[in-house]
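Please find below a short note for a colleague who is new to this structure. It is set out as numbered points, to be read with the sequence and coordinates at hand.

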Amino acid sequence: MDFSDTPEEAGFRNEARAFLERHAEPKRGAFETWQSRYPDREGLERAKDFQRKRAEAGLAGLHWPKAYGGREASAIFQVILAQEEARYLVPRGYFEIGLGMCMPTLFAYATEEQRRRYAPAALRGDEVWCQLFSEPGAGSDLAGLRTRAVRDGDAWVINGQKIWTSGAHWADHAILVTRSDPKAPKHKGLTFFFLSMKSPGIETRRIKQISGQSHFNEVYLTDVRIPDSQRLGGVGQGWGVAITTLMNERLTSGELRGPDFEELFSLARSVELEDGPAIANAAVRERLADYYVRTQGVRWSRFRTMTALSRGDTPGPENAIGKLVNAAKAQDIASFAMDLLDMGGVVTDKDFAPMRAAFQESLLSSPGSRIAAGTDEILKNIIAERVLGLPQDIRVDREAPFDQLPASRR
Amino acid sequence: MNFDFSPDQKALRDQARKFLAEHASSVRVRRILDTDEPYDRDLWRGVAEMGWTGTAIPEAYGGAGFGHLELCVIAEELGRSVAPIPFSSTIYLAAEALLLAGSETQKRKWLPRIAGGEVVGCLALAEGPGAPAPTAVKTRVAGGRISGEKAPVADGDVADVAVVAARGEGGGVSLFLVDLGGPGVSRTVMPTVDPTRSHGRLTFDGAPAELLGPAGEGAALLERVLDRAAVLVAFEQVGGAQAALDMAREYAMGRFAFGRPIASFQAIKHKLVDMYVGVELARSNTYYAAWALSTDAPELPVAAAAARVSATEAYFHAAKENIQTHGGMGFTWEFDCHLHYRRAKLTGLGLGSVRRWKDLLITRLEARAS
């Protein structure tokens, strides 16, 4: 066992450090984000500028094929870059979906001409992508989607509604999965496309979350026309294409931000309870120990994953553990920290609440972490089936024509 | 980055697993469970012949001179098989205490015989129910003679030598070495929740005792010994937890109810995933502690406590939910589920309760932060 980099990894780490020292600003606080420092439009423009420098330095699309500007590097290099970037304010939430999910799907299914048209622009941040997948009636059960695609000569006409689309309000392009044949069984009547978000008939509305922020959108598609040349995969083969996209999501989902064990520990050392400092209270100490061993368990699990990646392995479904454990823990820690503040815990005024109200903010943002990129329940199914090899649940929706399936309470 | 065991260490693990599958099968474990035999003497002899008892003992004292990482690998396999031998008492506690604090004479006297499997050792700390804090130690040593009672002592009924926590003439707690074959020692067997690991009551009435380590520094020395043992026992716990999870998985795949394998119900799938997550987090914490132990890193006290807490909880959780997955059959003597349920609780208390280790963990984090 040894925690040091291989010479190749160390060389890359130095390269990343040199780039960040030159082009990135250090964070002013642990929880500062690009979006909290820069407002909407300015944030996007600055992010594009940073992404261009990143691409010019060869630090974008690390795992991409060399033909499209990537390095064909093993996943360990992505982890090293993320470690080095952690201390800096770098743009997050603009390019991950395009570079991590949309482009790999284009690499697998688009024509060479299309790849050469879209990949460099995405890599340099000139064009931003989003992913039109989830629908109001199709979340965890994505294959239950109802957005219709109807063939009309050399084009398709799209009608329907998508939801939870990150970045749709600034995206230039999107990948889209639709239902082209409602008479076919659920997974067999889907067809996959990419399209311009500037196409006539697209309307984007931002969703206000319980935290008050708006990361997501609803996207309404009304008689939107897509040329058949922008279909990815065969007609009715869209589910297989969507799986390709989702397999890449694991590489993309980043670490959670927000107060964790260290912040709770530091709060417990400073706040007074009825019988002295919180850290001296036996019940508090027991809870702190629980959170510590879970935090460290995830941390060292990541090191085990890095070891596997360092050998050139691809990330497997066992990595779902990190998000499963961390998201629930973040919610518990936020709630417990507020309990320590007692009556004063309800206040969200940043000058009144300790750590500029980070725990109160986390209380309202953490429920989303347990749902986004796979709910706790779906992640458990994935681990059960793909890691432990347990059978799938008995399905009532596999063979029947999609339009015969019940969709609501009768 | 290489946060994993080496190919040689993995080969040792495979070898250990194969050996124990044959020599510590559940039939063999049950021979100890169902009879008055305190431990499996054939297995103990076999383990010594394999060289495991001398794994982390230097060659100068008759050992193999490997490191603690090799010992961790073996511990995991011993835990997986619920091996009914006095390995943890002898190797993780007595030998580690001798290595940490023994005089040259003491090391030369005991370590070669421990490495050769000729001697069983133990650590005598508790004096009845309740937390064995230094203030609770009533056993006394005066003029090189020890008097008092220690109970329960894991393998105290069969051990040849004991490391004993007792109050010296200065009043402080020290560690002493007592030859249990000598005069002034009487002992009785104590029944426990896990009959596959023998326990005894040790009564000292003026038995010869020699100081192990500096006088009056027993509490600090004990803490170091328990930290090292905690890492090794955590590997046994992870091995046991993994075995309980594997049993539950295997049963759920083969047991049909309501026309389908029960492993296809989400209630069972999610239960098994909760067990798996617990085992994986514990495994990662124990790997880190193994690194700290093998390099004698300053992080060892925090890492050992975290591994202890994580592995204790993962093992008990996996063991109890394994019974639940088996339904009524899991509650029978005939099925092996109870072997892990018993061993999980035993290992969870043997080095001190998880409640106390959690408190210790936070104390250590506070010390590190200030």
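The points below take up confidence, the two chains, their contact, the domains and the nonpolar core.

1. Nature and confidence of the model. The structure is a predicted model. The model as a whole scores ipTM 0.96 and pTM 0.95. For chain B, the average pLDDT is 97, and 100% of the residues score at least 70.

2. Chain A. This chain contains 13 helices and twelve strands. The C-alpha trace of chain A spans about 75 × 60 × 45 Å along its principal axes. Chain A has a radius of gyration of 23 Å, which agrees with the value near 22 Å that a compact globule of 410 residues would have. Of the 410 residues in chain A, 37% are buried. Among contacts in chain A with a separation of 6 or more, 72% join residues 24 or more positions apart.

3. Chain B. The secondary structure here amounts to eleven helices and nine strands. The radius of gyration of chain B is 20 Å and the globule rule gives 21 Å for 370 residues, so chain B is as compact as a globular protein of that length. Along the principal axes, the C-alpha trace of chain B spans about 75 × 50 × 40 Å. Buried residues account for 56% of the 370 residues in chain B. Residues 24 or more positions apart provide 74% of the contacts in chain B with a separation of 6 or more.

4. The contact between the chains. How many residues does the contact take from chain A and from chain B? Chain A contributes 37 residues and chain B contributes 34 residues. On the side of chain A that touches chain B, at least two residues each come from α10 (282–310), α11 (320–340) and α13 (376–387) of chain A. The helix α10(A) gives the most to this side, with 17 residues. By residue class, the side of chain A that touches chain B holds 22 nonpolar, seven polar and eight charged residues.

5. Domains of chain B. The domain assignment divides chain B into domain 1 (7–115), domain 2 (121–216) and domain 3 (219–369). The centres of domain 1 and domain 2 of chain B, taken over C-alpha atoms, are separated by 22 Å. Their contact takes 19 residues from domain 1 of chain B and 18 residues from domain 2 of chain B. On the side of domain 1 of chain B that touches domain 2 of chain B, the elements giving two or more residues are α2 (26–34), α5 (87–101) and α6 (104–115) of chain B. The largest share of that side, seven residues, comes from α5(B). The residues of this side of domain 1 of chain B divide into 15 nonpolar, four polar and no charged.

6. The largest nonpolar core. Which residues touch the most other members of the largest nonpolar core? Of its 225 residues, they are Val163(B), Val164(B), Leu272(B), Ala289(B) and Leu361(B). Helix α7 (residues 218–254) of chain B supplies the largest share of this core, 20 residues.

7. Surroundings of Ala289(B). Leaving aside residues up to four places away in sequence, Ala289(B) touches Val231(B) and Ala234(B). On the same basis, Ala289(B) also touches Ala303(B), Ala304(B), Ala306(B) and Ala307(B).

Notes: Residues are numbered from 1 along each chain as its sequence is written. Chains are lettered from A and ligands numbered from 1 in the order in which they are written. This is a predicted model: local features need pLDDT of at least 70, side-chain atom pairs count only at pLDDT 80 or more; totals for chains, interfaces and linings use all residues. A nonpolar core is a set of buried Ala, Val, Leu, Ile, Met, Phe, Trp, Tyr and Cys residues joined through C-beta atoms within 7 Å. A residue is buried if 20 or more other C-beta atoms lie within 10 Å of its own, exposed if 12 or fewer, and partly exposed in between; C-beta atoms are placed from the backbone. Helices (H or I, at least four residues) and strands (E, at least two) are DSSP runs, numbered from the N terminus. Two residues are in contact if their C-beta atoms, placed from the backbone, lie within 7 Å. Ala, Val, Leu, Ile, Met, Phe, Trp, Tyr, Cys and Pro count as nonpolar, Asp, Glu, Lys and Arg as charged, and the others, Gly among them, as polar. Domain bounds come from an automatic or database domain assignment. The radius of gyration is taken over C-alpha atoms; the globule rule is 2.2 Å times the number of residues to the power 0.38. pLDDT is the predictor's confidence in each residue, from 0 to 100.
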